[in-house]
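I set out to record what I looked up in this structure. The entries follow in the order in which I made them.

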Amino acid sequence: MTTHDKIEGAISIRKVTKIYDPEGARVMAMKDCSFEMGAGEFTIIVGPSGCGKTTLLNAIAGFDTITSGEILLDGDTISSSLKQIKPNVDRMVVFQNGALFPWKTVIENITYGPVVQDRMKKSAAAELAKGMLHQVGLGEIGDKYPEELSSGVQRRVEILRALINQPKVVMLDEPFRGLDAVAKTVMHEFLMEVFCASPRTMFFITHDLDEAIFLGHKVVIMTTRPAQVKKIVPVALPWPREHHIMNSREYLELKQEVLEAVHEEAKKAFEAGERELA
Amino acid sequence: MKKMKKIFTVSTLRGLLSIILFVVLWQLVVFAKVPYLENLPYPKDVAVHGVEAVQSKTYWLNWEISLIRVFVGFIAAQVIGIPFGLAMGASKVFRDFTFSAFEMLRPVPPIAWIPLAILFWPTRELSIYFLVFVGAFFIVVINVLQGVSNISVSLKWAASSLGARPKDVFWKIMVPGSLPSIITGMTVGMGVTWNVLIAAEMIAGQGGLGRMTWEAYTNHNIPLIVVGMVSIGVAGYLCSMAIRWLGEQAMPWKKRF
Ligand SMILES: Nc1ncnc2c1ncn2[C@@H]1O[C@H](COP(=O)(O)OP(=O)(O)O)[C@@H](O)[C@H]1O
Ligand SMILES: [Mg+2]
């Protein structure tokens, strides 16, 4: 990209609280959670299972309401207790369990956005999609259906389906969970490549701390439920990164720092679980 | 060439063998005069009647009558049932207004509708169409409804992030997403349809394979009864094949591997 392009997509999370089922079970998933994501910043979210990470993603994406607080995108309120929320093409999501349309081919999946928005002709969008696939070495799979592909390839296609819309923010919910170490490495290089080609705000949820530090500009560690920010660890390693940095001292120290914070919360979550069972 | 090879697999040979074994067993049972089964005709008699039937015009007329009845009732059930099920799945208000009544009527066996159908519809054909319709309708609707509710919410969310309006979500996500269930509904519905049709023809019909079989019974023509049964079996099988073919055409993403 050219350096004078202004990158948009700064997100502010301000005192966001989310209570599921307020009339009944009252599950408080987030409480007064606040933090900032800079435009073009690769933000990693880690935290114990069930702490409220997906809840936050759904709120930013406009899939679900929040109980109080406010979420802003480039200064505009996109979610608050008052605002009628709505998903938008400026915020794209890659889902925890994958959400490619099984009845569409790879090309049809990728071009779905531009076509349904009436932004591009089908044929032009298909050409663009083919180019994108080709660029990442997946030129051969355009006419296949998702179920014919390995999960690693499916994930890449889903990411391309998001990127073709030039969103300000891309949100990924544990996208590489269940892939083996080699496949993950391929995915990281893929993400690194597409991110460098056009930086945008990334919101990336993961359990894998190596992945967190390897990919992130900063790692936001969440507390056990209700989610709040426990700690933010900036990762000042230079971009683009190569896998051998995982052996550097700086990297190992960062990992130690994140690990300690995560471990503390995991222990709390475990004890809370014990209490609930008792 | 590839296709030829596929037809003669070990498995199809076993299948052929099972039919031959069945006929041999049948022959033995009749030959040995097994108690209660002494009225059973020999396979050869059935074959002779079968060959005779196939050459007669009335036999094929009965096929035609039955197929038209199935076709009309079944298509009507799809045309009304699929949109009905989709509407139930897509709109909570519509579901609230219809589901309880629907669930009360659903367990009534289609055959139990026969008396009412005969009384209310002005012609015999209409009553039979209606009965066939009832046989398929409830199954279609319940399958479509299940199909719609099984569509993962992430697919709908993904579509709306990508810029789909509610009508796009309905037509481009809900409809193709419930297609596998629609086809399942059709397959099961087709089976029930033949059940109902044959019962209706035996009780109320004029012409048709069911009536033909029943008349063979009243004339005490046992080989012809068996010919009728086999014909019904073949007809039902052909209809199921047609649905399967339709499913493959409609869902290319299910076929390729
Ligand atoms: N739709 C819902 N209704 C009620 N409770 C929910 C709902 N979605 C999530 N929760 C609860 O909210 C908490 C946070 O969930 P989630 O955000 O999915 O956690 P995670 O950090 O693992 O992504 C969990 O305890 C979960 O059970
Ligand atoms: Mg989650």
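**Entry 1: domains.** I note at the outset that domain bounds here come from an automatic or database domain assignment, and that the model is a predicted one. For chain B, I found domain 1 assigned to residues 1-40 and domain 2 to residues 41-254. I then looked up how the two domains of chain B meet: 7 residues of domain 1 and 6 residues of domain 2 take part in the contact. Taken over C-alpha atoms, the centres of these two domains of chain B are 29 Å apart.

**Entry 2: the interface.** The size of an interface is often given as the accessible area lost when the parts come together. I recorded about 620 Å² buried between domain 1 and domain 2 of chain B, with 70% of this area from carbon and sulfur atoms. Which three residues supply 60% of the area that domain 1 buries against domain 2 in chain B? I found them to be Trp26(B), Gln27(B) and Leu40(B), which give more than any other three residues.

**Entry 3: polar features.** Between the two domains of chain B, I counted 0 salt bridges and 1 residue pair in polar contact. On the side of domain 1 of chain B that touches domain 2, I listed 5 nonpolar residues, 2 polar and no charged.

**Entry 4: Lys156(B).** I located Lys156(B) in helix H8 of chain B, which covers residues 153-161. Is Lys156(B) buried, exposed or partly exposed? I entered Lys156(B) as partly exposed because its relative accessibility is 26%, and the range for that class runs from 20% to 50%. Beyond its neighbours within four places in sequence, Lys156(B) contacts Ile151(B), Val169(B), Ile173(B) and Met174(B).

Terms used: Residues numbered from 1 in each chain as written. Chains lettered and ligands numbered in written order. Predicted model: local features only at pLDDT ≥ 70, side-chain atom pairs only at ≥ 80, totals over all residues. Heavy atoms only, no water. Contact = heavy atoms within 4.5 Å. Buried area = accessible area lost by both parts, 1.4 Å probe. Salt bridge = Lys/Arg side-chain N within 4 Å of Asp/Glu carboxyl O. Polar contact = N/O pair within 3.5 Å; in protein donor to acceptor, adjacent residues only side chain to side chain. Nonpolar A, V, L, I, M, F, W, Y, C, P; charged D, E, K, R; others polar. Helix = DSSP H or I, 4+ residues; strand = E, 2+ residues; numbered from the N terminus. Buried < 20%, exposed > 50% of the residue type's maximum accessible area, 1.4 Å probe, protein only.
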